[in-house]
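Colleague: I would like to learn how to read this structure. Please take me through it step by step.

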Amino acid sequence: MTRLERHYAEQLEEISSKLMRMGGLVEQAIESALDAYERRDAELAQRVRDADVEINRLELEIDQLGLETLVRYQPAARDLRFLIAAMQINTDLERVGDIASNVCKRVQELCEEPPWEAPIDVPGMGRLALRMLHDALDAFVSGNADAARAVIARDEQLDEIMEQAFADLLQAMRDDTAATSRAIRHSFIAKYLERIGDQATNICELVVFMVEGTVIKHPRLTVESDGTAPGSRGAP
Amino acid sequence: MTTPDSMPVPPKGAVPDAAAGRDPALDPGIEDPIFSVHGLSLHYGDKQALHDISIEIPRNRITAFIGPSGCGKSTFLRCFNRLNDLLDNVTIRGDILFEGRSIFSPEVEINTLRRRIGMVFQKSNPFPKSIYENIAYGPRIHGVRDRRRLDEIVERSLRAAALWDEVKDRLHDNALGLSGGQQQRLCIARAIAVEPDVVLLDEPCSALDPLATARIEELMQDLKENYTLIIVTHSMQQASRVSDYTAFLYLGRLIEYGVTEQLFIKPRKKETEDYITGRFG
Ligand SMILES: Nc1ncnc2c1ncn2[C@@H]1O[C@H](COP(=O)(O)OP(=O)(O)O)[C@@H](O)[C@H]1O
Ligand SMILES: [Mg+2]
């Protein structure tokens, strides 16, 4: 290997390892947010929110590394697909970090209110979402498209839990108007956790692209090689 | 050069059906190809430089041949207008159909073939004559004598090669006074002055700076409206920028052939992947 080839390989390696560090921090943020919810621990919630800067910093570093690699080495084939996937996963993970912070904000607000027997299993739903994210990142590291597809199939379950939680929370609001604000905060949390599943799905779609070179998001849409969707030019 | 009479020219109608047993790594499904190459092998003496290559070249498109130096790109390119005939220890087997007819058939007149299939080389090689004479030379050889007609051809060719505006006031200056990039565009103008169908380009930009390279690449995009272009390039970036189809050759074999984006995003063969990601050997 020449010195440049070594540098190129190191650069890709570094993007990968930074992304894994970011994934670890994001998973930890969700876990702590769920703990803070369970224990009604406003301080822990604050610590999670404060720690989000570290995730944001990693996002910028990975962006910068990715851009440098594109400019310097113009990667092709598997390197190109890796880089495209990594840079988008970077954005997805940063969003999950924000979601964890949002959960924590709602937890802090709930801590100001009396405890409530909510008709939604937040830790249970959270663990499902967390598991999806974890397995999505595993699929990325091991380059396993089948594992990624299996994770995508699990997203529906999270959607259903959220729909059920919305219905139950609405009923709870009707039954006890004094609990309205707590029910609304729980609705937000349910939505946030469902979003984590969506982000995990995005990551898995990128893993399939990285491994197989096929785009599986929006399966009913295809794109012409000039970048337009068929029929988008007013075809009959 | 010797073309063995046992050359396995497929009898008419017996051309292997592209749909039957087609290998997606070698056959992107070219409709109405201008060239069909069948089992082409080439020896320099007893050293085999091309091994059993079959490929279809699309009309009015840019096809790039890539591969490490010495893999046979130039040798292969020179087959299309039988330029290897000029060497005397060359043996060719297999066939190349141009517009459905073998270029090796005894009815083919080599000068007509080379008029219809022009060539631009790596080192621009204008004649040490005026710009005008460089362009008018080919048409004159092919019988154009009328001065007004020659003037027209010179202007049309220079315009087509995006050189007219730069040289129209000095058509009778020596062509060797042009910059490297201008000389290369002059060679392209000279190639198209005889109204070919195909222009073969062998690393046409390797001696040019990035700006001159960009102009040639831009010009190639314009030219493909009227011509079929085949370019040999050692620059994968150039192949991915300019070509519609890319063929990867290695050790004289065609390893993979496909739509350019496809080949650079998701090649089907590991050798291709290793080559274009720079992990070769
Ligand atoms: N005129 C020739 N006589 C003998 N061998 C040749 C000749 N031209 C090329 N070769 C050999 O054929 C092989 C392919 O060469 P070439 O087609 O020039 O490769 P490329 O254009 O891919 O660099 C090389 O091994 C080269 O040495
Ligand atoms: Mg060559």
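Modeller: We go through the overall form of one chain, then an interface, then some salt bridges and buried side chains.

Modeller: This is a predicted model, in which local features need pLDDT of at least 70 and side-chain atom pairs count only at pLDDT 80 or more, while totals for chains, interfaces and linings use all residues. Residues are numbered from 1 along each chain as its sequence is written, chains are lettered from A and ligands numbered from 1 in the order in which they are written, and side-chain values use heavy atoms, with hydrogens and water left out.

Colleague: How many helices and strands are there in chain A?

Modeller: Helices (H or I, at least four residues) and strands (E, at least two) are DSSP runs, numbered from the N terminus. Chain A has 7 helices and 0 strands. Its C-alpha atoms fill a box of roughly 65 × 50 × 30 Å, taken along the principal axes.

Colleague: What share of the residues in chain A is buried?

Modeller: Buried means under 20% relative accessible area, exposed over 50%, and partly exposed in between (1.4 Å probe, protein chains only). Of the 236 residues in chain A, 46% are buried.

Colleague: How is the size of an interface given?

Modeller: Often as the accessible area lost when the parts come together. Buried area here is the accessible area (1.4 Å probe) that two parts lose on being put together, summed over both. For chain B and chain A that comes to about 990 Å², with 45% of it on carbon and sulfur atoms. B:I265, B:K266 and B:R279 supply 42% of the area that chain B buries against chain A, more than any other three residues.

Colleague: How many residues are in contact there?

Modeller: Contact means heavy atoms within 4.5 Å. By that rule 11 residues of chain B are in contact with 15 residues of chain A.

Colleague: What about charged pairs?

Modeller: Side chains of opposite charge can pair when their charged atoms come close. The rule for a salt bridge asks for a side-chain nitrogen of Lys or Arg within 4 Å of a carboxyl oxygen of Asp or Glu. It finds 2 salt bridges across the interface of chain B and chain A. A:R78 and B:E273 meet in a salt bridge, at 3.5 Å from N to O. Over all chains the count is 33.

Colleague: Which residue forms a salt bridge with A:D135?

Modeller: A:R131, with the closest N and O atoms 3.6 Å apart. The two are 4 residues apart in helix α4 (residues 122–142) of chain A, so about one helical turn separates them. A:D135 is buried at 18% relative accessibility, whereas A:R131 is partly exposed at 47%.

Colleague: Where do B:R59 and B:D32 lie in chain B?

Modeller: Their side chains meet in a salt bridge (3.1 Å, N to O). B:R59 lies in the loop between β2 (47–58) and β3 (62–66), and B:D32 in the segment before β1 (33–44), so the pair ties together parts that are 27 residues apart in sequence.

Colleague: Is A:H186 buried or exposed?

Modeller: A:H186 is buried, at 3% relative accessibility. It lies in helix α7 (residues 180–212) of chain A. Not counting residues up to four places away in sequence, A:H186 touches several residues, including A:Y37, A:W116 and A:L169.
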